[in-house]
Each structure stands twice: as structure tokens, then as C-alpha cells.
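Biologist: Please take one part of this model and look at it closely. I would like the packing and pairing described element by element, with the rest of the chain brought in afterwards.

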2 protein chains.
Amino acid sequence: MEFLKAVTAQQALEIINAFPVSLHTEVISLEESLGRIVAEDIVAHENIPPFSRSLVDGFVIKVKDAQGAKETNPALLYYKGEIRIGEETKAVLDDGSCIYISTGAMMPEGADGVVMQEYTRRMGDAVEITKTTHKGENICFTGEDIKLGSSVLAKGKRLTPFDLGMLAALGMADLWVYKKLKIALISSGDEIIAVDQQPEPGQIRDINRYTVLNMLKKTCSDVSFIGITRDNPEDIKEHLRGAHESDMILVSGGSSKGERDYITTSIEQLGGKILFHGINIKPGKPTIFATLWGKPVFGLPGHPVSCIMALTRFVMPLVKRLQGETKGGEKRTTGTLTTNIPSSYGIEEYVRVTIVYDEEGCKVTPLFAKSSVISSLSQASGYVIVPGGREGFEQGDEVEVYYFE
Amino acid sequence: MEFLKAVTAQQALEIINAFPVSLHTEVISLEESLGRIVAEDIVAHENIPPFSRSLVDGFVIKVKDAQGAKETNPALLYYKGEIRIGEETKAVLDDGSCIYISTGAMMPEGADGVVMQEYTRRMGDAVEITKTTHKGENICFTGEDIKLGSSVLAKGKRLTPFDLGMLAALGMADLWVYKKLKIALISSGDEIIAVDQQPEPGQIRDINRYTVLNMLKKTCSDVSFIGITRDNPEDIKEHLRGAHESDMILVSGGSSKGERDYITTSIEQLGGKILFHGINIKPGKPTIFATLWGKPVFGLPGHPVSCIMALTRFVMPLVKRLQGETKGGEKRTTGTLTTNIPSSYGIEEYVRVTIVYDEEGCKVTPLFAKSSVISSLSQASGYVIVPGGREGFEQGDEVEVYYFE
């Protein structure tokens, strides 16, 4: 009954995506910036490499001087010394001559190719070239990696180790990023106890604190655990007030009607507004989205699997947006279903799966377990989405699998 | 010439996989254990849930009392009160009666099903049940998630947020893990300068420090940067000695013959032994593997892409083994090539690719760039392996793609 107003997954995302965002920036060192979101469009102020370099150990030549050269008919060039790595190359290459160069060293003027050492024979003051070299062969030209003035990284990109390498190449020892998102996490439920407590009959330990907190840790957010609130408005409000300094509040638990009502009324009594209550998904239906003190608040289901699916599909997109991330792909794969997946029409369903690669390709096997079963998540590599408009998938169907992050 | 002794990728992995490993353990708190490797086989010492619980808000019944019940022909049961969540349920259900239960509360003795509130009508002291309930419906039974005595996690597993949730359920506030791997990183090359220095002609900034260090950070290792060594045996030996306390040493750079020779002779002069020098792969060929002071040492190519591919394919498996990880899947997908990938027979080749999902499926596009080009890595989502026994792939071929970690 209380779900009469439940929204579709699509509507829920539209409401979430309309939540206003204000971003703040700070300067940090390149050393600390893995996983952070760059807050400036980065344009190369240098060419990388800053000079043309040899990609191999060998001899720099004018390619015309070794045209048609082969093992049985080598070209003979004058040996004019060696280029030292790490220094400016002042030598100029004359017609009919060659200079030894090592990998990474600066090309001399006049040269347009490098022939690998393997295709050469040193004979005193001369060098035999036993292979024809193409123009530009084995050279990395000035700006070939990154061109002066080119766009290197767009604002809103989450920095990978490779991005940091590129920024290092450009000498960016520090850079503008968006400030870390502060997320407060509250567990709720009269039956919930802390991990180090011994449960009395009827009590269970807090699971969602560990799953949710650690999934959010991976997003480079500052996550703080406020505590376990009991199922009454006073305690819930007390805990929400404790989360006042954060940018986003997550309350896990409240899977029963009474608890859900306490969470929504507590938010409203503090001056907040419920934006939706219930999504037509399975698992994860009793998800609440609200605004309080201008911050987004999610009420996540208590069942561990429901909680993680609501987090993955609905909270994570907003976390990324509040972090300033504008583009970011999910890791996916496709595979063949080993069994049927039955599903109800009209509900978007998330089915945990295992993924096994064998000689026939990628095999996807659903893990059918109740939404309260945390062990099924620990075994899962990813999940399949059954859209609301489908009544499941059949064995042998090719399905898309989303990896858990 | 110096690569006459180059090994195949397969041989290289065999040599690396034969490197002896000794593991050390420590106890840490559950809070700090994300990404660490569990060092004990974990067996459940409790049932999870520790009692049978309702999965929904509704009424606990004996299912035989509502057999055949439907909207037009409801079963009428006596209302016998409410079960409180978080407490021991002492009530016993009698024939012909029902008790209100909320999600997560403990089932009473005598009940074998829960009918959702939506399919009930409260009428004073009685409740109409408008739907037939199956035996066990909407109940999560004692031990259904984790059975007392069952294996929960095997030694050698890298802990995910979901694993931590499972350990929390079992009350494991701290646990045995393998000690963090200490990895020392040295950059080498006369042309290499630090990120905050302005390059003179012929010099370039250290890229590999940032790519390698940050890729290793993601494995939960302690990575320390020793410094940039110049291309002479004395300086190289000095830097290697500075890495003496670590469990593994990586020297990036040394792509030219002279540098490679200095690295191998320096290792030998310190009493180490070269295990291979050169792998028949592209890029990444000038990779060195050695043992020094009983620790593994890798000499990684200087070109950023070569360095990352050698790290990904050859260093990472050993990092994981030295961390104690015994099982761990790579994230993969399959897709259709949008262009040909030419490749030389006899060399295992790694081709960076972008991955785009559209309505026709997964499109895989090679990024053809020289091995010195870091910007191509920043754009890549993964890579395709062309085995040594193939001369490339053709446009339209279905290929396997490995995601970068």
C-alpha cells in the first residue's frame, strides 16, 4: 500500500539527476591525486616529447642514403660518432654519414630515420646498413605524444595512473581537483548491533556499514559512520543532525513499514522534503530519496543485497556527479546465460551472477538467493539487469553483465 | 643481438611463477581490511541469520490455514498480536491464528510462512488472508545465508566490500591477513628529470614513476620511490642498496643497450642473478627479471607504454603471489574489432584499445601509437592480446579485451 507512489527506475534516476550540485575545488599535489576528479580543462603548454627522439638503439641516417639497402647489398655510410643521451644534440648529419644513437636520445638535425643496430655492421670508420629505412622510422617526433596547445584532459575526468603519467610528462606537479565528497552513513534498526557485540536472540550485526562504507571508499570519498540509530524519530533525528556537516547522507535499514515511516517523518520534521519513496525495482524497492538542509539523503533498504543494488544503481550516479565526474564508463561484458532468469513484468530486476570464461566464451550464471543473503554478493562478479518491459531471460540468451565496481 | 636469449611470454611467466615466496601474516581490524588478502580459511562459527526472520511486513501463519485462499474467498484467521523487532520472539503460533511481523523480525515457533500485508485485510480481532502462501514463503531461515561450519572465505582471497559485509555478519571485528608488500621503485636514465624540473634540451620528465607507483597503489602495496638513478653502475648500485628493505624492486628505464647492461651488471656485482633478459613481446621486450638478496627485481622498459604492459602482464602476477593472493580474476569483455590489427608472427603483442557500447554491441578500436606515447594509454580502456602464433586480427573479428586494472 505504502508503495502506491513508487516511481520507475527511470523516473527515480531523473529525479536524482535533477538534484542541484555545487562543486568546490582545491589544489593538490600530483602524488595524492589518484582517483580524484580534475577540475580544470588541461591544455598542453609544452610538446611531449619536447624534441624528436630515437625509439631504438641504432644509427641515425638520411633515409635516401640507404635506399634499396639489403643484407646482400648494404649501403656504406661514414661513422661520425655518437649522440649522448640526456644532452642537447648539436651535431648535424651530413649526406652519406651516420651517427650512433641510443633509445631516447635527441635526434640531430638533418636526419630523417633511425636504422636499428641489428641491421648494421660497424667496419672501422664506416657502417654497413643492411636494410632500407622508411622516412621517420624509429623516431618519436616533437609533440607526437602530446601536441603543444592540445586538450589533454577534460574537466570532470577521474584520474587514472595513466593520466597522472601524462600530467607528469607535462610537469604538472600539482593541479586543481574537486574537493573530496563528505558522505555520512547511518545504520538504523532496533535489531542491529555493532560487529564486536554478541547478538541476543532477535538481533543481527550491522552488515551494511561495511559494504556501503567500503564501496564508497573506492570512490575517493570521505565516508564517516555516524552510528546505529534505533527505530524512533528522536534517535533518527539525533543521528541525522550528527550528519549535518556532510555533503550527502545515507541511512541504511528501515526495511519495515514502521522504520520507513520514521525515517521519512524524521526528515520532514527537520525541514526536509521526500522526493520519492519506493522504486519499482527488485531488490531495492523501499529506497527513499529526500533533500534535507540542501543535501541529498538516501534511505537505503536494510536487506544487504537490496541495499547494495540501490547504492550501485541510484546512489553511485549522484556520488559521481557530486564529485564533479562528468564521464566515466561502467565495466561491462556480455555472456551466455546458463539458466533461465524468470522476472515479473513491470519491475526492473537486478540479478547477481558469476562469470566464467572457458573455451566457448563467457558463461553467466545467476545466483538465486534472497535479498537478505550477503554471501551471494560475496560470490558474485557482477549483475544482469532485466528491464521492466521483459519477463526475464532464457538459457542461452546473450546478456549484458555489469561488473561490481 | 643482445636479445638472442629473449624468452617467450610463456617462458617468462614460468620463470616468474617459480620464484619462491614466503608470506607473513598480521592481525588487522575489519575497518582497514579492504583490498587486503585474507590469510586464514574462514569457517562460520555461527549461523547467519542466527534465527529465522521475516523478509517482509505481514502476518505469520501456518500455510495450511490459508490453503486455497484468494481475493474472492479469503481465509479468516485470529489476530494474535504483533512481534517486536530486535527481541526474542517467545510467542508460539496456534492453528487458525496469525501474528503481525515486520521485516527482519524473528519468526515464532509453529509458523511456516509469511503473507505480505498487501494480501491481508485486518477486521478487528481477525485477519482476512487473500492469497495462498507457500511453505517457507517470505522467510529467511536460520543459516540460510551462512551455515554454521561452512567455508566462508578461502585463504588467499582479496577482500571486497561484500566480503567485509559477510565477515561483519559473523562478528569478525579483526582478522588475519598477509602483511603489505613493500615495493621499491627506481627510475633510471641520464635524460630523466623530476616532475617539478624544467627540462633542458635532451631531457624529459619521469613518467613511469607516476604510472607504475599508482598502479601498484591500487593493489594495496606500500610503494616507495627511491629516486632517479643516472646511467652508471655506481649510481645504480647505490639506488639498489637503498631498496634493500623492500620485498620487491622495480627499476624503470634502461631502454637502451648501455643502460640495460649497467642494470644487469649492477645486479650481478651486488651478488644477484639475472633470470631472463628480454621477452618476445611487443611492446615491453627489454624486460629484465633477476633475483637479488633473495628478492625479485624487474628491469622495466623506459618507454611508458612498454613499461605498463610489462608491469601488467609480468610484474602484477608476481605482486599478487607475493601478497598471498591465490585466486583473482581479470575483468574482461569481448567485442567486435572496428579495424584490422596487423602483427608479426612469433611475437606476443599487446594492443591498447577503446571500448564503446552501442545498440549493436561492444565495439573495440585499436589505438595505434608508438610505445613511447603515454597519451594513448590515458585514452585506452583495455588491451587485446595477439598471441605469438597469429599474424594479427581482422576487422569484424570477435576479440577478447582485458580491462586495465
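Modeller: What follows starts with one sheet of chain B and the helix on it, then moves to other parts of the chain and to the second copy.

This is a predicted model, in which local features need pLDDT of at least 70 and side-chain atom pairs count only at pLDDT 80 or more, while totals for chains, interfaces and linings use all residues; side-chain values use heavy atoms, with hydrogens and water left out. Residues are numbered from 1 along each chain as its sequence is written, and chains are lettered from A and ligands numbered from 1 in the order in which they are written.

The sheet in chain B is open, with 6 strands in the order S16-S13-S17-S21-S20-S18 and mixed pairing. S16 and strand S18 (273-277) of chain B are the edges; each has a single partner strand, so one side of each is left without a neighbour in the sheet. Neighbouring strands here are turned by 20° against each other on average, direction ignored. Strands (E, at least two residues) and helices (H or I, at least four) are DSSP runs numbered from the N terminus, and two strands pair if DSSP finds at least two bridges between them. Within the sheet, S20(B) and strand S21 (residues 295-300) of chain B run antiparallel and are joined by 5 bridges. Opposite B:Ile288 stands B:Gly299 in S21(B).

Helix H4(B) packs on this sheet and touches S13, S16, S17 and S20 of chain B, its direction making about 165° with that of S16(B). Contact means heavy atoms within 4.5 Å; axes are lines fitted to C-alpha atoms, for helices over the stretch in contact, and angles run from 0 to 180 degrees between N-to-C directions. In this helix, residues 233-242, the buried positions are B:Ile236, B:Lys237, B:His239 and B:Leu240. They line one face of the helix, because seen down the axis of H4(B) they fall within an arc of 165°, taken from the directions from the helix axis to the C-beta atoms. An α-helix has 3.6 residues a turn, so residues three or four places apart point the same way. Buried means under 20% relative accessible area, exposed over 50%, and partly exposed in between (1.4 Å probe, protein chains only). The partners of these buried residues are strand S13 (182-188), strand S16 (222-229), strand S17 (248-252), helix H5 (257-269) and strand S20 (288-292) of chain B. In the loop that links helix H3 (208-217) to S16 of chain B lies B:Cys220, which has a positive phi of about 70° although it is not a glycine.

Another helix of the chain is H2(B), residues 161-169, where 9 of the 9 residues are buried, so it is largely enclosed by the rest of the structure. Among these residues are B:Phe162, B:Asp163, B:Leu164, B:Met166 and B:Leu167. After H2(B) comes B:Gly171, with a positive phi near 80°.

Chain B has another open sheet of 6 strands, ordered S7-S4-S6-S5-S9-S8, again with mixed pairing. Its edge strands, each paired on one side only, are strand S7 (113-116) and strand S8 (120-123) of chain B. In this sheet the average turn between neighbouring strands is 40°, direction ignored. S5(B) pairs with strand S9 (residues 126-129) of chain B in the antiparallel sense over 4 bridges, with B:Val127 of S9(B) as the bridge partner of B:Leu77.

B:Leu77 is also touched by B:Asp65, whose other contacts, leaving out residues up to four places away in sequence, are B:Ala75, B:Asp95, B:Gly96 and B:Ser97. B:Asp65 sits in the loop between strand S4 (58-61) and strand S5 (75-82) of chain B, and counts as buried because its relative accessibility is 19%. Its side chain makes a polar contact of 3.1 Å with that of B:Lys64 (a pair of N or O atoms within 3.5 Å; within protein, one must be able to donate a hydrogen and the other to accept it, and residues adjacent in sequence count only if both atoms are side-chain atoms).

As for the second copy, a rotation of 180° with 0.0 Å of shift along its axis superposes chain A on chain B, at RMSD 0.0 Å. That is the relation of a two-fold axis; the superposition is by least squares on the C-alpha atoms of residues with pLDDT of at least 70 in both copies. The C-alpha of chain A nearest the axis belongs to A:Thr333, 2.2 Å away. Both copies use the same surface, since 100% of the contact residues of chain A recur in chain B.
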